[in-house]
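Me: Please take a close look at one part of this model and work outward from there in one connected account. I would like the cut-offs given wherever a term depends on them.

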Amino acid sequence: RGCGIGSIDAGYTLKEICAGTISTDGSCSNPLPNLFQGLYIAIDAQAANPLYTIKSTYSNFVNNWWGIRLKGISYPYLKYNSFDVGAPVSNNQSLGLFVDGCSGYNISNNQFKSSFSPAPYGAVIQNSPGNKELFYKNFFSGIYYGLGAQRQNSGLLMQCNSFKNMGLVDVAVATVVSALLV
């Protein structure tokens, strides 16, 4: 199945091609999205250098085991993307978006759904260390677990997200307690 884009310490932007007219505010009347389909991981981005960021607008992620995995990325911007999360591979659960140790992000107006069974995970966020992490106005439909926030997420703001026909949980929040503290 492979990987669509794999990157370490690289910054890039994925955006639509405009097949229509561009208005005075810069918006496109007919945006044509990027398509990542049938992959193991569509985008796998890691960074140790905070100068690099990832931006994706109007991209479609269809039947991938993982849509986007971000690790240690500063200021990622994910907006107007569509995740049709694929079926699990072997015993491993599939998911649309996995964000780990990222800061300053804006993840908004994305759609998470599944045409595949069993219904997988929509988005999982863990270890958001900053104070400006926004998960806003995303739509979840037909997903078993919608949005999961785990471990340390003191800067995460989840606001105005919508959930319809969910399997088990809309939003799950969990912390992990160190064995040294028990």
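Reply: Lys 55 counts as partly exposed, because its relative accessibility is 37% and that class lies between buried, under 20%, and exposed, over 50% (1.4 Å probe, protein chains only). The model is predicted, so local features need pLDDT of at least 70 and side-chain atom pairs pLDDT 80 or more, while totals for chains, interfaces and linings use all residues. Residues are numbered from 1 along each chain as its sequence is written, and side-chain values use heavy atoms, without hydrogens or water.

Lys 55 sits in strand 7, residues 54–57; strands are DSSP runs of E with at least two residues, numbered from the N terminus. From Lys 55 to Phe 83 is 28 residues along the chain, and their C-alpha atoms are separated by 15 Å.

Phe 83 leads to the aromatic rings. It belongs to a cluster that ring pairs build from Phe 36, Phe 61, Phe 83, Phe 112, Phe 135, Phe 140 and Phe 163. Rings of Phe, Tyr and Trp (its six-membered ring) pair when their centres lie within 6.5 Å; planes under 30 degrees apart are stacked, over 60 edge-to-face, and the rest tilted. The search of the whole structure gives 13 aromatic pairs. One of them joins two members of the cluster: Phe 112 and Phe 135 are stacked, with 6.5 Å centre to centre and 25° between the planes. This pair links distant parts of the chain, since Phe 112 is in strand 14 (residues 111–113) and Phe 135 is in strand 16 (residues 133–136), 23 residues apart. Phe 112 counts as buried because its relative accessible area is 0%. Phe 135 is buried as well, because its relative accessible area is also 0%.

A second pair has another geometry. Tyr 144 and Tyr 145 meet edge-to-face, at 5.2 Å centre to centre and with 80° between the planes. Tyr 144 is classed as partly exposed because its relative accessible area is 38%. For Tyr 145 the value is 26%, so Tyr 145 is partly exposed too.

Tyr 145 brings the strands of a sheet into view, as strand 18 covers residues 145–150. Strand 18 runs parallel to strand 15 (residues 121–126), and five bridges connect the two; strands count as paired when DSSP finds at least two bridges between them. Within this pairing, Ala 123 has Leu 147 of strand 18 as its bridge partner.

Both strands belong to an open sheet of seven strands with parallel pairing, in the order 1-6-9-12-15-18-21. At its edges are strand 1 (3–8) and strand 21 (169–174), each of which pairs on one side only.

Elsewhere in that order, strand 6 (residues 41–46) lies parallel to strand 9 (residues 66–71), again with five bridges. Ile 41 has Trp 66 as its bridge partner in strand 9. Strand 9 in turn is joined by five bridges to strand 12 (residues 95–100), and this pair is parallel too. Trp 66 appears here as well: in strand 12 it stands opposite Leu 95. Trp 66 thus has Ile 41 as a bridge partner and faces Leu 95 in strand 12.

Note on methods. Helices (H or I, at least four residues) and strands (E, at least two) are DSSP runs, numbered from the N terminus.
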